[in-house]
Amino acid sequence: TTDGVPQDLSIQTLHALDKASGPILSAEAFPKSTFTEIKAALDRLASREMVTYETQERDEYLLEPEGEQIATNGSHEARVFEALRQAVEGLTVQEIEKAIGDKTVSKLGQSKAFKEKWISRTKDGKFKAATDSIKDVTLEQVQTVKATRTHPDPKILAELKKRKLVRVQKIISFKISKGPKFALEIAKEETDLTADMIASGAWKTATFKPYNFKALGADQNSGALHPLNKVRSEFRQIFFEMGFEEMPTNKFVESGFWNFDALFVPQQHPARDLQDTFYISDPLIAGKPGESSSGEEKKSYEEYWENVRQVHENGKFGSIGYRYPWAAEESLRLVLRTHTTSISTAMLHKLASKKGPDGRPPPARYFSIDRVFRNETVDATHLAEFHQVEGVIADYNLTLGGLMEFMDIFFGKMGITDLRYKPAYNPYTEPSLEIFSYHKGLGKLVEIGNSGMFRPEMLQSMGLPADMRVYGWGLSLERPTMIKYGISNIRELLGHKVDLNFIQRNPAVRLDKD
Ligand code: PHE
């Protein structure tokens, strides 16, 4: 064989066509070959334009065992009639049965023959023939089907089928005709144009194998990006396009200071409870911020720490504070970060010591996409860890309207439009806005993000100028990923239950951009 096709079936086809005066039918020419074998042989010839073919479908009727029996012995009623025709005195039911040698045939035959008025009862309760001869129509019909695999009268076919004497079978056959390049031999096809062929001139007469543009490429069995990573790269692209710089988020453990205190989250806040936050047991506490720095930098961290303490205890920078005794130990406890806003905070603190052309901290745009941890009850939509997409914009004279406009542009780049805003609360932003969008599939508004303008007492504690404003927002990476990939249970996306085939098979995703 060549191309996995039985060579001789292609050759046989050519010879059969050569002998025939017109098109041939595969079902007649190759009754023993399978559909797939024939199709492969024909495709091989058709790709070389040696033949053309079309598919024909028809019903074929085959005899059931009972039909076969009738075809050889006659119909049941005819057999009963025949038995009675020979017995002048008539026969009892038992005698008919004995003469025929089959109980069912004799029983069915009697009632049918009676209906046809071929037989009648005698005075003493026996059966006798009621006519000299009969015409066994059923036998004729069954024999026609046996010989031709069909019957000219569709009503008869339906009737025979109902009587379970025949069954239908769909037959797919190919009507094959000679093609423009018909020949009795299949020319050897070259797969490569070689230097030798050019030198010898053999290329002029050679037949080249046509390209198969429909062939699938070989499976490379390469690594595959996780859907979260694919959506993540789309988000990163949007951020870069809008002039953002990526923040270094390569640490999962933070001190309470960066995760909470610097964000003006009071030490008694419920978010800091064991039920909501994972605390590290070993080591239990961190060093003070800037502990390993020196000079100016160390001084700036010490000032920052002191400002945060004062803001919480008594208030500062126009804030009246929370007015409770602030505990340094609480601020040094180590936690698995509950949001990446801890990183934004550290970045903004660094920004405070940068000098732009006017000697003041320059405007900045930062983003990050990384993992955060919350002590949540795990269910279909919640895990104890997820990924947060976070952004901050620091600039002078920013307004709340600007934040809303920015959100319209940012989400618009992912195809999310018509945003709705709802006043919300975060300890570190004022005002705070929850961002909603209408979800067509769910038919309702769904929350897609949390945002706000960082509080002055938070920013000025870092040393940022009083007229510098900072927008901040956060959203989960899992939610848009689940929507894009049609996943309803988060455990199919993240964790030990993830199916590796699912990761490999999934295509890249593009956020719909108009
Ligand atoms: N940290 C917030 C959250 O976890 C998101 C946010 C970041 C909100 C910055 C406002 C400002 O949802």
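Select the shell around the ligand: its residues divide into 3 nonpolar, 10 polar and 1 charged. The model on screen is a predicted one.

**The ligand and its surroundings**

Keep the ligand in view and display the 14 residues that surround it. The closest are His339, Thr341, Arg374, Gln388 and Tyr428. Three side chains can then be picked for their polar atoms. In histidine 339, an N or O atom of the side chain is 3.2 Å from a nitrogen atom of the ligand. Move to glutamine 388, where an N or O atom of the side chain lies 2.9 Å from a ligand oxygen atom. For asparagine 450, the distance between a side-chain N or O atom and an oxygen atom of the ligand is 3.3 Å. On its own the ligand has 330 Å² of accessible area, and the protein covers 92% of this.

Which strand gives the most to the shell around the ligand? Select β15, which contributes 4 residues. Colour β15 (444–454) together with β16 (468–476), since each of these strands supplies at least two residues of the shell.

**The sheet**

Now hide the side chains and show strands. An open sheet of 7 strands runs in the order β8-β11-β12-β16-β15-β14-β13, with mixed pairing. At its edges stand β8 and β13 (420–426); each has a single partner strand, so one side of each is left without a neighbour in the sheet.

Start at the β8 end. Strand β8 covers residues 245–246 and pairs with β11 in the parallel sense over 2 bridges. To locate this pairing, pick glutamate 246, which stands opposite phenylalanine 367 in β11.

Next, select residues 364–373, which make up strand β11. Is β11 largely enclosed or largely open, and why? Of its 10 residues, 8 are buried, so the strand is largely enclosed by the rest of the structure. Buried here stands for a relative accessible area under 20%.

Step across to β12 (residues 385–396), which runs antiparallel to β11 and is joined to it by 10 bridges. One pair to label is serine 368 and its bridge partner in β12, glutamate 390.

Continue from β12 to β16: these two strands pair in the antiparallel sense over 9 bridges. Label aspartate 395 and its bridge partner in β16, arginine 469. From β16 the order goes on to β15, β14 and β13.

**Domains**

Zoom out and colour the chain by domain. The assignment gives domain 1 as 7–64 + 146–184, domain 2 as 76–135 and domain 3 as 229–505. Draw a distance between the C-alpha centres of domain 2 and domain 3; they are 97 Å apart.

**Two stops in domain 1**

Go to glycine 22, in the loop between α1 (7–19) and β1 (24–25). Its relative accessibility is 28%, so glycine 22 counts as partly exposed. Then add serine 177 to the selection. Glycine 22 and serine 177 are 155 residues apart in sequence, while their C-alpha atoms are 6.9 Å apart in space.

The last stop is serine 26, in helix α2 (residues 26–29). Is serine 26 buried or exposed? With a relative accessible area of 1%, serine 26 is buried. Show its side chain together with the backbone of phenylalanine 174: the serine 26 side chain reaches the backbone nitrogen of phenylalanine 174 at 2.8 Å.

Definitions and conventions
Residues numbered from 1 in each chain as written. Predicted model: local features only at pLDDT ≥ 70, side-chain atom pairs only at ≥ 80, totals over all residues. Heavy atoms only, no water. Near = heavy atom within 4 Å. Polar contact = N/O pair within 3.5 Å; in protein donor to acceptor, adjacent residues only side chain to side chain. Areas by Shrake-Rupley, 256 points an atom, 1.4 Å probe, with all protein chains shown as cover. Nonpolar A, V, L, I, M, F, W, Y, C, P; charged D, E, K, R; others polar. Buried < 20%, exposed > 50% of the residue type's maximum accessible area, 1.4 Å probe, protein only. Pairing = 2+ DSSP bridges. Domains from an automatic or database assignment.
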